[in-house]
Amino acid sequence: AIESAKNDHAMVVQSMLDNKAAHLAKIRALFDEFGTEHGVLTIGVFEDKINSPAVREYFEALGLDVWDAWSFFKLLDEDSDGSVEIEEFFLGCLRFRGAARSMDVGKLIQDQKWLIK
């Protein structure tokens, strides 16, 4: 029984890794779909491409609902330099896919309390 449980856990971990690899491949394809210059995405390019059906399908496949291009771009642009590099894009898409988790909501509440003080 213990050996079976170990095997089940190993299978779950492997499935998670495979799932993450698939998501990373989709994110890379999405970034390439934008036709970035020098591996950097600008707000202008992002706004131009966001409404294309192919880009919308990629975002939906990733579990991302991007209804406000400018706001989403600002979330991805962590260093606020007006452009998003591939690493920022990867990390942002992975972080923002799916529904908000309780930890995300907790962080927002904490940040809001800090701003009010």
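Visitor: How many salt bridges does the count come to in this structure?

Guide: A salt bridge is a side-chain nitrogen of Lys or Arg within 4 Å of a carboxyl oxygen of Asp or Glu. In this predicted model, the count by this rule comes to 1 salt bridge.

Visitor: Which residues form the salt bridge, and what separates the closest N and O atoms?

Guide: Glu78 pairs with Arg95, and their closest N and O atoms are 2.8 Å apart. The pair links distant parts of the chain, 17 residues apart, with Glu78 in the loop between α4 (69-76) and β2 (83-85) and Arg95 in helix α5.

Visitor: Why does Glu78 count as exposed?

Guide: The general idea is a cut-off on relative accessible area, where exposed means over 50% and buried means under 20%, with partly exposed in between. Glu78 counts as exposed because its relative accessibility is 51%, whereas Arg95, at 35%, counts as partly exposed.

Visitor: Which residues gather in a patch of negative charge on the surface?

Guide: For such a patch, Asp and Glu count as negative, and residues with a salt bridge are left out. Here the patch of negative charge consists of Asp79, Asp81, Glu85 and Glu87. Glu87 lies in helix α5, which spans residues 86-96, and Glu87 counts as exposed because its relative accessibility is 56%.

Visitor: What is the secondary structure around these features, and what share of residues is buried?

Guide: The protein has 6 helices and 2 strands, which follow the pattern α-β-α-α-α-β-α-α along the sequence. Of its 117 residues, 22% count as buried, while the accessible surface comes to about 8,300 Å², with 58% of that area belonging to carbon and sulfur atoms.

Key
Residues numbered from 1 in each chain as written. Predicted model: local features only at pLDDT ≥ 70, side-chain atom pairs only at ≥ 80, totals over all residues. Heavy atoms only, no water. Helix = DSSP H or I, 4+ residues; strand = E, 2+ residues; numbered from the N terminus. Buried < 20%, exposed > 50% of the residue type's maximum accessible area, 1.4 Å probe, protein only. Areas by Shrake-Rupley, 256 points an atom, 1.4 Å probe, with all protein chains shown as cover. Patch = residues over 30% accessible without salt bridge, like charges linked within 9 Å, V, L, I, M, F, W, Y side chains within 5 Å. Charge placed at Lys NZ, Arg CZ, Asp CG, Glu CD.
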